[in-house]
Amino acid sequence: MAIGSRLAAQTALIPAMLIALVVYCGSTGWTIWISLTSSRMLPNNNFVGLRQYEILFANERWQVSVQNLALFGAMFIVLALALGFFLAVLIDQRVRAEDLLRSVFLYPFSMSFIVTGLAWRWLLDPTLGIAKIAHDIGFESIQFDWLVRQDRVIFTLLAAAIWHAAGLVMAIMLSGLRGIDQEIWKATRIDGIPAWRTYIFIVIPMLKGSFATATILMATSVVRLYDLSVAMTNGGPGIASEVPAKFVMDNLFERQNIGLATAAATSMLITVVAVVAPLLYAQNRAAAKAAG
Amino acid sequence: MFPTRKMLLCAAAATIMGAAAAQAQTAEVIHWWTSGGESAAVKVFADQYAKAGGKWVDTAIAGGPNARTAAINRTIGGNPPTAMQFNTGKQFDELVEGGLLADVDAVAAQQNWKAIIPPAILEAVVRNGHAYAVPINIHGQNWFFTSNAVMQKSGAAEPKNWDELFVALDKIKAAGFIPIAFGDQKNWERNMFNNVLAGVGGAEGFTALWGKRDAAYVKSADFRKVAETYRRLKNYVDPGAPGRNWNDAAAMVISGKAGMHMMGDWAKGEFTAAGQSPGKDYGCFVLSNRGGGYVMGGDVFAFPKSKSADVGKAQTLLASTMLAPETQIAFAQKKGSIPSRQDVDSSTLDTCAQKAMVFVKDKAQQIPANELLSPPAVTGAVEDVISAYWNDASMTTDAFVAKVITALNQAL
């Protein structure tokens, strides 16, 4: 019977709803409440209004963290999409060792950020990695100390993160490319359109879905960026490669300042909501319009 | 043949008694002593506890903040260890306020701590008249360790003040060695700054910054001198320093690659583990422009409250074992610290430890470490500023002063 099966379906959903409500919404609400109190190591209920937020925005390390994340995030998404798409196009040319190459490019994504960060740190260490090999071979003048330079260290994180994620973007793009109707290729060949124009003006617009998927996946790892910063530079040199998630974690535990940490976490949440909400709204409007 | 009922009963009784006996004295201890010298030292505690009839379960977690975080989370979460390590000072304040720690007044009374432990250290473990942690050592944080070989080859003399220090460092640099071996991580940047603060700013400067958080002192010419001296040290550190661990930096002095290492006397444990002895292979001194000043900190063990009487017994046994005179001497020899109880025979300790005992006996020389003076939130905020100042050559001393004042008002 229709009513019975609907009731069964709704009942089956109750645990998931409870989890979403209690764990997700409840924890978020509690976090926001703690950010309005003067909690240190343990939570207390002394309401202090927005004082923690005042301290937060005056904190130079937080300002640097946010700037780093904005710069890192924008460049990471753009470059990883570009590199991933480029790799997918190359693999799509029906190369011989396609399976092997796909695995090789996708392999970095299976590594944790800690391993990635540590390996890249050793590679880029001015006294250990690539620079030392170059010196030993004889190229004494090669200097690559971006890992310990205040103004360049964020780019080393960028390199490690792009290396990590390019394979995943490539895999998503490849499946999208494979889904393109072969007739399109035949048509463009008959019309005499060069391949690069086909890719840029015809194929990329057709892959909107793949680009959206890849962008969302990478955006979540951008916001969560913590272990890469810890493994590569531990926020250094100084505070040059600090990121917001590391600020939250350090204050939650080592600094015994959960009031400040939850204020930082709430700020991150508000930023994400501010970016995502208009997108969702626009999507809903478009869907409603399409449905008539 | 099948076991008779009697045999079964005996076996069951033996198992229960054995289990109870094993449980009564099992102590799971969380600590962060994972380097070579530190492991040898904590083994002294484990062996002595085993001799006293206990079973030591070692939960070593690398990195002080990581170990403290794990211990605090487990205590709050309801699965506490039997004992957990903290630095002497304010790190466990809120655990006491939350009623999560068992007091050790019984052990304190039985061993008469008031008579044998220096007042500053004893005050640091007492809250509201009750003792909540066992102070097991006293570490000095502002030592210089020098390699005798490097100093001789460079013709550098052991400096008596900070001006002479730079003369010596220049000589070491000219001879081709690395002047200062540095493990460049945030907390050691702060430790080095504190060394300069105690040596150039003196006890008044140190307590003005960390204890009173006095903005007027931070704006003073005295503090600026401290900051500029700190900045000068950067010229004597090698480019491979960022990210290096402190014990790897100590190893550079031990192996004769570097001349000096500014570190607390826990570094002595590394020299001892490498078979070196003070006077013969390495030198140790505290450098002050103002007649002295020994930055005193150390480690304590705190005991989470437990409803189980067995755990309570294990905690009492552990506490009294850790402070027994033989344990204290053996531990101090391996760790590089001095015993927290001053009534032990210190003639078996090395010459650096003897110097330390003299400092600790003189109240005028005692500077409480910043862990005793300021809560982790404020310490961390100032540490961020010090780290930025060390690493960013374009930051002016004026900007540094302004940021330190902001950081001192960071926590509610």
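1. How many bridges join strand 3 of chain B to strand 13 of chain B, and do these strands run parallel or antiparallel? In this predicted model, strand 3 of chain B and strand 13 (residues 299-302) of chain B run antiparallel and are joined by 4 bridges. Within that pairing, F86(B) has V300(B) of strand 13 as its bridge partner.

2. Strand 3 of chain B also has a partner in strand 1 (residues 26-31) of chain B, to which 2 bridges join it, and here the two strands run parallel. In this pairing V29(B) finds its bridge partner in A83(B) of strand 3.

3. The burial of strand 3 deserves a remark of its own. Of the 5 residues in strand 3 (residues 83-87) of chain B, 5 are buried, so the strand is largely enclosed by the rest of the structure. Its two faces are both covered, with A83(B), Q85(B) and N87(B) buried on one side and M84(B) and F86(B) buried on the other.

4. Two residues of strand 3 return in the surroundings of A302(B): leaving aside residues up to four places away in sequence, A302(B) touches M84(B) and F86(B), and also F92(B), L101(B), Y132(B) and A133(B). A302(B) is itself one of the three residues, with V169(A) and V134(B), that touch the most other members of the largest nonpolar core, which holds 186 residues.

5. This core draws its largest share, 15 residues, from helix 7 (residues 153-178) of chain A. Chain B contributes through domain 1 (27-139 + 297-367) and domain 2 (141-295 + 368-408), and because both domains give residues to the core, it lies between them.

6. As for the contacts between the chains, 25 residues of chain A meet 25 residues of chain B. On the side of chain A that touches chain B, helix 2 (51-58) and helix 3 (60-91) each supply at least two residues, and the largest share, 3 residues, comes from helix 2 of chain A. By character, the residues on this side of chain A comprise 10 nonpolar, 9 polar and 6 charged.

7. Chain A contains 13 helices and 0 strands, and its pattern along the sequence is accordingly written α-α-α-α-α-α-α-α-α-α-α-α-α. The radius of gyration of chain A is 24 Å, well over the 19 Å that the globule rule gives for 292 residues, so chain A is more spread out than a compact globule. Its C-alpha trace spans about 80 × 75 × 30 Å along the principal axes.

8. Of the 292 residues in chain A, 34% are buried. Among the contacts in chain A with a separation of 6 or more, 69% are between residues 24 or more positions apart.

9. Two backbone positions in chain A may be worth inspecting on the screen. Most residues other than glycine have a negative phi. N234(A), although not a glycine, has a positive phi of about 50°, and N234(A) is found in the loop between helix 11 (227-232) and helix 12 (244-252) of chain A. Because 17 other C-beta atoms lie within 10 Å, N234(A) is partly exposed.

10. Q256(A), also not a glycine, has a positive phi of about 50°, and Q256(A) lies in the loop between helix 12 and helix 13 (258-291) of chain A. Is Q256(A) buried or exposed? Q256(A) has 27 C-beta neighbours inside 10 Å and therefore counts as buried, whereas N234(A) is partly exposed.

Technical notes:
Residues are numbered from 1 along each chain as its sequence is written. Chains are lettered from A and ligands numbered from 1 in the order in which they are written. This is a predicted model: local features need pLDDT of at least 70, side-chain atom pairs count only at pLDDT 80 or more; totals for chains, interfaces and linings use all residues. Two residues are in contact if their C-beta atoms, placed from the backbone, lie within 7 Å. Ala, Val, Leu, Ile, Met, Phe, Trp, Tyr, Cys and Pro count as nonpolar, Asp, Glu, Lys and Arg as charged, and the others, Gly among them, as polar. The radius of gyration is taken over C-alpha atoms; the globule rule is 2.2 Å times the number of residues to the power 0.38. A residue is buried if 20 or more other C-beta atoms lie within 10 Å of its own, exposed if 12 or fewer, and partly exposed in between; C-beta atoms are placed from the backbone. A nonpolar core is a set of buried Ala, Val, Leu, Ile, Met, Phe, Trp, Tyr and Cys residues joined through C-beta atoms within 7 Å. Domain bounds come from an automatic or database domain assignment. Two strands pair if DSSP finds at least two bridges between them.
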